[in-house]
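Student: I'm new to this one. Could you walk me through it with a few questions and answers?

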Amino acid sequence: MPEQLVHSLKSADGKQKFFPVADQFLTLPGGYGLPPVEYNVWRGYKQSGATVIDYEVQPRSIQVELNKKAACGIQQYWDERARLVDFLRPNRGGAFLLTLTLPDLTQRSIRVYLESGLEFAPDPSLIVNGSIRERLSFIAYEPFWFDPLTTHIEPAKSDGTAWVLPFQLPFALDIRGGKYDTTAIAYPGTWRAYPTITVYGAYTNVTIYHKQKGIRLQLNVGISTGQRRVITTAPGIASVVDENGITRFGELSHDSDLTGFALYPAPEVPDGLNQIVAYIINPSATTRFVVSFNTQYIGI
């Protein structure tokens, strides 16, 4: 990977460094492509080999070499060491955001933790001339790169009287309903994006349907104007909360497919087209339906 590509590293508490700068740069980056994959297999009686039934993408390791040109003096060398150690220490509140700017100026980000580096193994020549050359190894427990620019889609309401529903609702439907249709979203990623869905009141019931996958989410408890429900679909952190961050998971119907609700790339859905439709009963003038996501990539 060309050295001139711009990297940034941002800590959970907002500290940020850019590379390259006048006296610091990163070289020998590795681990940016495909992450490790573990296949789940099954063997039948007397079967030669095995049958793959599923797979799981594993955390990825990312390595870079940090280089800092010679300092003006020995104290400047020790000062810069202290600044780097302070910046990369693990108690900054969470993951670092590693962002790469590609030649076309698009960006890809990934959340990483420092596993090893800045150990400053004895090298008298570096100390004497004030240079720093350290191999940094990061681990990304969420191994997917993503576009740091969040996409927000907020469809307008259409009349509920002409609905043709792809499923049966557990209540009578009349003109009090509103339909909010994203139409076909052309998803450009190479891995699923798990959206955050925000529904603003008022309403008495909401059914959110993924047309291509035939799965749905349903909120069975009504809310008033000024209230909202935020549905996070990402595995491991899936939740339903209100405007105050209080959990409202019990409002989700038992047959809602929260972990399967995502925007899928091709060929998981034809041409990467995803259509999400919300059927909202008793909407008011303040009712809104918003789908937000960051496009994800399995590698770059």
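Below, a student and a tutor talk through this predicted model.

Student: Let's start on the surface. Which element gives the most residues to the nonpolar patch?

Tutor: The patch is made of Val37, Tyr39, Val41, Val52 and Tyr55, and together they have about 450 Å² of accessible area. Two elements give two or more residues to the patch: β4 (37-42) and β5 (51-57). With three residues, the top giver is β4.

Student: Tyr55 is in that patch. Is Tyr55 buried or partly exposed?

Tutor: First find Tyr55 in strand β5. Buried would need under 20% relative accessible area, and exposed would need over 50%. Tyr55 has 35%, so the label is partly exposed.

Student: Now Arg108. Which side chain of opposite charge is nearest to Arg108, and how far away is it?

Tutor: Arg108 sits in strand β8 (residues 107-116), and it is buried. A salt bridge needs a side-chain nitrogen of Lys or Arg within 4 Å of a carboxyl oxygen of Asp or Glu. Arg108 has no salt bridge, and the nearest side chain of opposite charge is Asp147, at 4.4 Å.

Student: Which side chain does Arg108 join in a polar contact of 3.3 Å?

Tutor: Look at what Arg108 touches beyond four places away in sequence: Leu98, Trp145, Phe146, Pro148 and Ile300 are among them. Tyr297 is one of those neighbours too. The polar contact joins the side chain of Arg108 to that of Tyr297.

Student: What about the backbone? What is omega for the peptide bond from Gly201 to Ala202?

Tutor: Most peptide bonds are trans. Here the bond from Phe19 to Pro20 is cis, with omega near -5°, and Pro20 is in the loop between β2 (16-19) and β3 (24-30). Ala202 is in the loop between β14 (196-200) and β15 (205-210). The bond from Gly201 to Ala202 is cis as well, with omega near 20°.

Student: And phi? What value does phi take at Asn282?

Tutor: Most residues other than glycine have a negative phi. Thr183, in strand β13 (residues 177-186), has a positive phi of about 55°. Asn282 lies in the loop between β19 (273-281) and β20 (288-293). Asn282 isn't a glycine either, yet its phi is positive, near 55°.

Student: On to charges. How many residues apart in sequence are the parts tied together by Asp23 and Lys68?

Tutor: Side chains of opposite charge can pair when their charged atoms come close. Asp23 and Lys68 do so in a salt bridge of 3.2 Å, N to O. Asp23 is in the loop between β2 and β3 and Lys68 is in strand β6 (residues 60-68), so the parts they tie together are 45 residues apart.

Student: Is Lys68 buried or partly exposed?

Tutor: Its partner Asp23 is partly exposed, at 29% relative accessibility. Lys68 comes in at 9%, so Lys68 counts as buried.

Student: How far apart in sequence are the parts that Glu154 and Arg288 tie together?

Tutor: The side chains of Glu154 and Arg288 meet in a salt bridge of 2.8 Å, N to O. Glu154 is in the loop between β11 (151-153) and β12 (157-159), while Arg288 is in strand β20, so the pair ties together parts that are 134 residues apart.

Terms used
Residues are numbered from 1 along each chain as its sequence is written. This is a predicted model: local features need pLDDT of at least 70, side-chain atom pairs count only at pLDDT 80 or more; totals for chains, interfaces and linings use all residues. Side-chain values use heavy atoms; hydrogens and water are left out. Patches are made of residues with over 30% relative accessible area and no salt bridge: like charges are joined within 9 Å, nonpolar side chains (Val, Leu, Ile, Met, Phe, Trp, Tyr) within 5 Å. Accessible areas come from the Shrake-Rupley method with a 1.4 Å probe; for residues, only the protein chains shown count as cover. Helices (H or I, at least four residues) and strands (E, at least two) are DSSP runs, numbered from the N terminus. Buried means under 20% relative accessible area, exposed over 50%, partly exposed in between (1.4 Å probe, protein chains only). Lys and Arg count as positive and Asp and Glu as negative; His and the chain ends are not counted. A polar contact is a pair of N or O atoms within 3.5 Å; within protein, one must be able to donate a hydrogen and the other to accept it, and residues adjacent in sequence count only if both atoms are side-chain atoms. Contact means heavy atoms within 4.5 Å.
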